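Biologist: I would be grateful for a close look at one part of this assembly, namely the sheet of chain A and the helix that lies across it. Please then relate that part to the rest of the chain and to its partner chains.

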Amino acid sequence: MTIADWVRDWFRVTDVVILGYFVVINTSYLFLIVLATAEFVRHLRHRPFAGLDEMYRSPLTPGVSVLVPAFNEESNIVTSVQGMLALRYPQFEVIVVDDGSTDGTFERLRAEFDLVETPRVVPREVPAFGRVLGVYVPRLSPEPLTVVRKENGGKTDALNTGINLARQPLICMVDADSILDPQALLAVAKPFADDPLRTVATGGVVRVANGCSVVAGRIVEVRMPQRWLVRVQVVEYLRAFLLGRTGWSRLGGLLIISGAFGLFRRDLVVEVGGLDHNCIGEDAELVVRLHRHLRRTKRDYRVVFVAEPVSWSEAPSTARVLGWQRRRWHRGIAEILWKHRAMIANPRYGRIGLLALPYYVVFELLAPMVELAGLVMVPLGVWVGAVDATFAIRFLLVAYGYALVVNLIALTVEEFTFARYPRWKDLALATAASALENLGFRQVTAFWRAMGAWSAIRRSRQTWGVMTRTGFNEAP
Amino acid sequence: MTAILVADDDEDIRELVLFKLEAAGFDVTAVDNGVSALEAARDQPPDLVLLDVMMPGLSGIDVCRALRAEQATAQLPVILLTARAQEGDVQIGFGAGADDYVVKPFSPRELVSRVEAVLARTKA
Amino acid sequence: MTLAGAAAVAIGALLVAAVLFGVVTVVGRLVRRAARNRRARLAAPARRLLVRLAAGDDDETLIDQLVAVDARTWKAVEPAAVAMLGKVRGEAHTALVEVFQRRGAGTRAERDLHARSPVARARAAEVLGNVGTADDVPQLVDLLHDKDPDVRVVVVRALGRIAHPSAAGPLLASTVGPTPVPPPLVAHALVRLGLAAQVDVAAALDDPAELARATALEVLGLIGAVGSARQVEFALRSDLSIEVRLRAARTLGRLGTRGALAPLLEAMEPDRPPALRAEAAHALGELGAPAAAQPLAALLTDAEYRVAHEAARALLRLGAPGREALSASDSPHAREAIGIADLEEARRGALAVAGR
């Protein structure tokens, strides 16, 4: 066999493997979508007797401490906090942790809520390094708001400080720019109320806030965003957060609860030592650590994903910030998988070890690499003559076509379940965005994600990231 | 005729209260959010305001406080309507300056009695 | 078939799938919207009748009119009617229930309690919770052992809404066994049963199951069953389970009887578990007995955060002796409590100034 033959065979095999990978990953999405749909149907059928009203009235509904870590959030912090204080829940407190902001974040809060300093003993149940400079509460109004100023220490440090100060049995970690649906806390706390002995953590659906009208911290009208970059992200969120997570939750293998909205039992979070300062995906890492700890101690537990839209986040609207975000996310995944590598394919950890984690390694961590490899190998293969051009084109069409169909199915499921985008124009935009995702967006994000994994390997210094806040209402 | 302003984001409750109060002989204006309630109260001060506590944007408590803070509306009788009746909530409600506090589910007939009682009390 | 051929077939299939799902989405939206509009139009007149009935309109024919509404219209307006049930009470509520009953909702629900599908059973239980009477209690009680946990939860809530005391015993028993129900839900239902259930709940204080005893204690405190105070004191002193003793302490605070002082003080002693000591401190605050001021003051410098914290908060509620003890202490917890007291005073003051 000549070298040329060998090269040709090599390309042929690699290309088939890559194609196979695309087929398998999209089929897994399909499978998760089927599971998620079953879960939505179940959820919607149960809604008439879900008893949220009773939960609201019961004196025994567990209280929630909402933790809001904030760094330079002056443009939105006041409306955000107002929205959170208006949540429909019987017993809760909002703790804003100002992590050494250099802008007017604290000043805006102080002015709006007439904050005064109050002496407070801060317990040290989980490690938090930044020194607490002061604890503030509203002077005259008895709103359950506490604002903590501390030295800058990063998001994890801010959250851990919040955990220390939290007084309620459940802690809800939200992003400072999250807009929560008024029933959000009731919806995500319901599994705790219905199954208090086993439920340890719950998460809800996170959606894209860009383009929606927001009044006083509440979404008033849901619309698709103006920019194509963000429109594609809407579809992405639908597919990944809504369907992926719901599907996994039904399988009992929910690995990641979005940091933008997660509810945890405080005592267990303290038991496992709070959030990890060394991990950039600290919220997801906490969930994996909980799984590990609870399975090791052989406790019966559940991590539940609540199939209701509960939280809205501002998605990056520029390529620069998006790149930052994707690099950070992927680096987080890499770090978490590395940190907990002992769990992978380990039967001791049940479905998490045998199913969820290996899946994440092969189909989440390695996905961008395979995708990039495909982009390089297939044209190369054609050039070398190993793969004929027609096949290469068909190959690409199948790979991306399958992804497009998965997106469209996600839109269909959304239409038959929550249907949050009422305008026809928005449906058309979403469909177009589903196609557009494959024409450049995925490839570029694959590149960023691969860079993220690479930086995890290189262990470069972390930055929480400065996302320039553009505020919510984009110009119509 | 005595004018009453009702603010509640729940359509059922709005219609119900509107019907009942009109049947009892009052002149009723109904709005579905706090901001409109404040505006309406400022433009044409009614004789009594009925506020739902849990409304998007400006809550009933916020509206009550805002009314109390302004000269023109500081003496306006306010009744709060809410599903929340835990101790702290009642405290917050009266603390914001409300004259009465009605818990949902409520009896429409009782609501009318309370409205009449508060009106009588504040006119005296 | 070659790989290229397979690829071609796949592309064709994907194209079909894409169009298919697109069409399903669009058609789905059109159909559902049309149906929704039709339902709303159909329901509109009935809904007006409903509002008038819920508002307590004196018109005696209203109930008859609503009962006479045809099945399709009723189906359209039923969700609004059910929602209305949750919003009113008194005569309006009774009138609405009558409409449901005369339309056979109760009988249908009783039959569906034995349906094969758990969703149907749960829905039936929910309906009975809304419109059921004491006669429905025995059947619902049977369903407390339904094999589907969601059905059990709905049944517990329904029994709470019907609020007939005969459900008390079975509710407590449902916290344990092969098909248990979460204790807080049972407790809430029992609280709705109120003092009428006191005897049954107090009887559960001797139950061998820890969860049943704990739930019973929680309920006794919430319904204010002062008559059971002695038994609660006994549970605090001598129950073997820490969970039960915690609840007992909490309940004694809520009941507020004089005999609670001694056992609560005892529960604060240094050799007791910290969770119990903290709970006892909190309860002493609720009790409000000035005699507790000194023992609580001693705890201000306790090594356990929660104990010191609760002691400081409790002292705030003991009037002058409490404030003195706090001012005399240099514990940071005392300072925190004084800060809170000052804030609350300022808030009360501001209100007085505002003239209401």
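Modeller: In this predicted model, helix 9 of chain A, residues 282-296, lies across four strands of chain A: strand 6 (170-174), strand 8 (199-208), strand 11 (261-265) and strand 12 (302-313). Its direction makes about 155° with that of strand 8 of chain A.

The sheet to which these strands belong is open and is formed by 10 strands of chain A, in the order 3-4-5-2-1-6-11-8-12-7. Its pairing is mixed. In general, strands of a sheet pair through backbone hydrogen bonds, either parallel or antiparallel. The edges are held by strand 3 (115-117) and strand 7 (179-180) of chain A; each has a single partner strand, so one side of each is left without a neighbour in the sheet. For strand 3 of chain A, pairing with strand 4 of chain A (residues 132-138) is antiparallel and runs over 3 bridges. Within strand 4 of chain A, A:Pro138 is the residue that stands opposite A:Leu115.

The chain around this sheet contains 14 helices and 12 strands. The radius of gyration of chain A is 23 Å, close to the 23 Å that the globule rule gives for 476 residues, so chain A is as compact as a globular protein of that length. Taken along the principal axes, the C-alpha atoms of chain A fill a box of roughly 85 × 50 × 45 Å.

Another part of chain A shows helix packing. The axes of helix 12 (residues 367-384) and helix 14 (residues 424-458) of chain A come within 8 Å and cross at roughly 125°, which means that helix 12 of chain A is oblique to helix 14 of chain A. The crossing is left-handed. Helix 12 of chain A contributes A:Pro368, A:Met369, A:Glu371, A:Leu372 and A:Leu375 to the contact, while helix 14 of chain A contributes A:Arg442, A:Gln443, A:Ala446, A:Phe447, A:Arg449 and A:Ala450. Sorted by class, this contact has 7 nonpolar, 1 polar and 3 charged residues.

Chain A also meets its partner chains. In its contact with chain C, 40 residues come from chain A and 41 residues from chain C. On the chain C side, the elements giving two or more residues are helix 1 (3-54), helix 6 (118-131), helix 8 (149-162), helix 10 (183-193), helix 18 (305-316) and helix 20 (332-354) of chain C. Helix 1 of chain C gives the largest share of that side, 15 residues. The side of chain C that touches chain A divides into 25 nonpolar, 8 polar and 8 charged residues. With chain B, 11 residues of chain A are in contact with 10 residues; the chain A side has 8 nonpolar, no polar and 3 charged residues.

Chain B has an open sheet too, with 5 strands in the order 2-1-3-4-5 and parallel pairing. Strand 2 (27-31) and strand 5 (100-103) of chain B stand at its edges, each with a single partner strand, so one side of each lacks a neighbour in the sheet. Neighbouring strands of this sheet are turned by 20° against each other on average, direction ignored. Strand 4 (residues 78-82) of chain B runs parallel to strand 5 of chain B and is joined to it by 4 bridges.

Notes
Residues are numbered from 1 along each chain as its sequence is written. Chains are lettered from A and ligands numbered from 1 in the order in which they are written. This is a predicted model: local features need pLDDT of at least 70, side-chain atom pairs count only at pLDDT 80 or more; totals for chains, interfaces and linings use all residues. Axes are lines fitted to C-alpha atoms, for helices over the stretch in contact, and angles run from 0 to 180 degrees between N-to-C directions. Angles under 35 degrees count as roughly parallel, over 145 as roughly antiparallel, 65 to 115 as roughly perpendicular and the rest as oblique. A crossing is left-handed if the near helix is turned anticlockwise from the far one by less than a right angle, and right-handed if clockwise. Two residues are in contact if their C-beta atoms, placed from the backbone, lie within 7 Å. Ala, Val, Leu, Ile, Met, Phe, Trp, Tyr, Cys and Pro count as nonpolar, Asp, Glu, Lys and Arg as charged, and the others, Gly among them, as polar. Two strands pair if DSSP finds at least two bridges between them. The radius of gyration is taken over C-alpha atoms; the globule rule is 2.2 Å times the number of residues to the power 0.38.
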